[in-house]
Amino acid sequence: MPTMNLKGWMERDGVLLSPADVERMLKDGPEAIAPCGGEFLLVWDDCIARDAFGVMPGPVPPGTVCCGGREVARIAPDPSPCTLEEAIVTAVGLRSDEGVVAFSGGVDSGLIAGLAHLPCVTVGLHGSHDIAWAEKAARMMGLDLTIVSPAEDEVAEAIRRVVRVIPDPTNPVEASIATTLSFVAAWAEEHGHTRILAGQGADELFGGYARYLTSPDLAAELERDFADLKRQGTRDQAVAALHGAYFSTPYLDARVVRAAQAIPARERVRGGVRKHPLRVVAERHIPAEIARAEKKAMQYGSGIWRTIQRLARQNGYKKSVQGYLTEISRAEHGN
């Protein structure tokens with residue numbers, strides 16, 4: 001068959017597939033790869049296939065197999081049923097042969113780091129909450145941790161880079177998250193890694209946001225927030241792509257999503273404890289103090305948000321970070 005190009009990785013029912021395995025499957029037609037999981041963009045003949053959640057950017061919609069510009073099959077992984085713990089262990093294991101972990105010391109990234117045994121990287125300004133907590137957690141877990149502490153001018157330059165590629169560049173929350181992630185991706189590129197394991201999806205799957213504690217309809221809110229993850233993923237992968245990398249998301253693995261969504265909403269946020277099922281699993285693999293820890297969002301805990309606010313004031317926007325971002329966006333997009 002003509003040259004096949006596989007970006008990322010593929011698996012079927014928990015078994016990693018080599019390029020030769022994929023080529024053999026394709027001899028039975030493009031539909032043969034429909035049950036495959038992973039994070040991939042696969043190109044062969046006049047066909048393109050993209051993973052179900054759209055982790056790997058590409059010219060076709062997530063979860064589709066297109067040949068000659070026409071959709072011929074859907075990527076719909078259907079791994080064997082398993083418990084939540086089995087699902088998470090398998091999902092992390094499939095992603096742990098290469099890469100780094102974006103580590104903050106909270107339960108989401110802590111569990112991934114504890115299972116993956118990969119180098120970890122934390123972004124935070126000197127004296128920030130995330131640095132202090134990540135260093136403590138890394139010592140407790142015996143992790144190989146690198147701290148990236150950007151200077152103010154480096155944050156300013158990173159903002160200019162990310163507003164060129166993210167979908168909503170003038171949104172302060174979006175831009176601050178993207179800026180924080182950009183330093184992780186830059187470190188990965190500098191050290192020869194393309195895969196960055198990250199905890200995205202845990203809050204939306206297991207009920208991690210503070211507002212869930214008082215939600216009048218938790219099940220509906222969790223469903224809405226989970227649906228928004230594809231938009232967030234587009235932002236994150238655009239930032240990673242600036243550095244030839246991608247964010248690998250074990251919590252968005254098909255088996256983890258299925259196991260998590262089978263748990264009633266009232267059990268995911270239980271007795272005032274957010275992400276209760278995830279913490280129960282985590283306590284069997286990492287220190288209880290980390291499994292139970294409450295943490296600020298990365299843009300706040302890292303100090304990046306405060307730096308962006310300071311830059312906005314220095315540029316004449318005393319009360320409007322959005323105005324500052326709009327000015328940068330106009331300059332970067334030439335309008």
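The following paragraphs describe the fold, surface and nonpolar interior of a predicted model of a single chain.

The chain is built from 16 helices and 11 strands. Its radius of gyration is 20 Å, close to the 20 Å given by the globule rule for 335 residues, so the chain is as compact as a globular protein of that length. Measured out along the principal axes, the C-alpha trace extends over about 60 × 50 × 40 Å. Among contacts with a sequence separation of 6 or more, 66% join residues 24 or more positions apart.

Turning to the surface, the chain exposes about 14,600 Å², and carbon and sulfur atoms account for 51% of that area. The chain carries 37 positive and 43 negative charges, whose mean positions lie 6 Å apart.

Of the 335 residues, 54% are buried. In soluble globular proteins, nonpolar side chains tend to be buried together. In this model, the largest nonpolar core contains 48 residues, of which Ile88, Phe206, Tyr251 and Val256 touch the most other members. Several helices contribute to this core, with at least two residues each from α2 (84-94), α3 (107-116), α4 (129-141), α7 (202-206), α10 (254-261), α12 (276-282) and α13 (288-291).

Ile88 illustrates how such contacts are made across the sequence. When residues up to four places away in sequence are set aside, Ile88 touches Leu111, Leu115, Tyr251, Val256, Leu278 and Val281. Apart from the largest core lies another, made up of 37 residues, including Val184, Ala188, Ile196 and Ile328.

Terms used: Residues numbered from 1 in each chain as written. Predicted model: local features only at pLDDT ≥ 70, side-chain atom pairs only at ≥ 80, totals over all residues. Heavy atoms only, no water. Helix = DSSP H or I, 4+ residues; strand = E, 2+ residues; numbered from the N terminus. Rg over C-alpha atoms; globule rule 2.2 N^0.38 Å. Buried < 20%, exposed > 50% of the residue type's maximum accessible area, 1.4 Å probe, protein only. Contact = heavy atoms within 4.5 Å. Areas by Shrake-Rupley, 256 points an atom, 1.4 Å probe, with all protein chains shown as cover. Lys, Arg positive; Asp, Glu negative; His and termini not counted. Charge placed at Lys NZ, Arg CZ, Asp CG, Glu CD. Core = buried A, V, L, I, M, F, W, Y, C linked by side-chain atoms within 4.5 Å.
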